[in-house]
Amino acid sequence: DIFMPELDGIQATSIIRQSDHMTPIISMTTNPKPDDIANYSLAGMNDILPKPFTRESLSLVLEKHLERLKAIPTPPATAGELSQVPSGY
């Protein structure tokens, strides 16, 4: 959400983007004005979901970004990472 009490969405996005450039960040806002949307994009947000939103509009935006994440190849696990997986998996 763009307007949060302690840390707004733009500040939160800036902090997240310092260490994570892959995770989609979707703005939920009642301010879908072109200037606001440009600021959200500049801050590192990937999309906007205007409020109030419907279940369908939420599903569409999530599917759009989840499909993009599925297309990103993941590197093979190292032996060290595999040894940390609990047995039975």
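Helices are DSSP runs of H or I comprising at least four residues, and they are numbered from the N terminus. In the predicted model described here, helix 3 covers residues 55–70 and includes leucine 69.

The arrangement of the strands is considered before the surface. Strand 1, formed by residues 26–29, pairs with strand 2, formed by residues 47–50, and the pairing is parallel with four bridges. Within this pairing, isoleucine 26 has aspartate 47 of strand 2 as its bridge partner, and serine 27 lies opposite isoleucine 48, also in strand 2. Helix 2, spanning residues 34–43, joins with strand 1 and strand 2 in a β-α-β unit that is right-handed.

Side chains in a regular strand alternate between the two faces of the sheet. Strand 1 shows such an alternation: Ser27 and Thr29 are directed to one face and are buried, whereas Ile26 and Met28 are directed to the other face and are not buried.

Aspartate 47 belongs to strand 2. The relative accessibility of aspartate 47 is 18%, and this residue is therefore classed as buried, the cut-off for that class being under 20%. The side chain of aspartate 47 is also engaged in a polar contact of 2.7 Å with the side chain of lysine 64. Aspartate 47 thus combines a bridge to isoleucine 26 with a side-chain contact to lysine 64.

Serine 14 is located in helix 1, which consists of residues 9–17. Because its relative accessibility is 33%, serine 14 is classed as partly exposed; this class lies between the limits of 20% and 50%. Serine 14 and methionine 45 are 31 residues apart along the chain, and 8.9 Å separates their C-alpha atoms.

A nonpolar patch is present on the surface, where Met22, Leu62, Leu66, Leu69 and Ile72 together contribute about 420 Å² of accessible area. One of its members, leucine 69, is a residue of helix 3. Leucine 69 has a relative accessible area of 33% and is therefore partly exposed. Patch membership requires over 30% relative accessible area, and the 33% computed for leucine 69 satisfies that requirement.

Notes. Residues numbered from 1 in each chain as written. Predicted model: local features only at pLDDT ≥ 70, side-chain atom pairs only at ≥ 80, totals over all residues. Heavy atoms only, no water. Pairing = 2+ DSSP bridges. Helix = DSSP H or I, 4+ residues; strand = E, 2+ residues; numbered from the N terminus. Right-handed = clockwise from strand over helix to strand, strands pointing away. Patch = residues over 30% accessible without salt bridge, like charges linked within 9 Å, V, L, I, M, F, W, Y side chains within 5 Å. Areas by Shrake-Rupley, 256 points an atom, 1.4 Å probe, with all protein chains shown as cover. Salt bridge = Lys/Arg side-chain N within 4 Å of Asp/Glu carboxyl O. Buried < 20%, exposed > 50% of the residue type's maximum accessible area, 1.4 Å probe, protein only. Polar contact = N/O pair within 3.5 Å; in protein donor to acceptor, adjacent residues only side chain to side chain.
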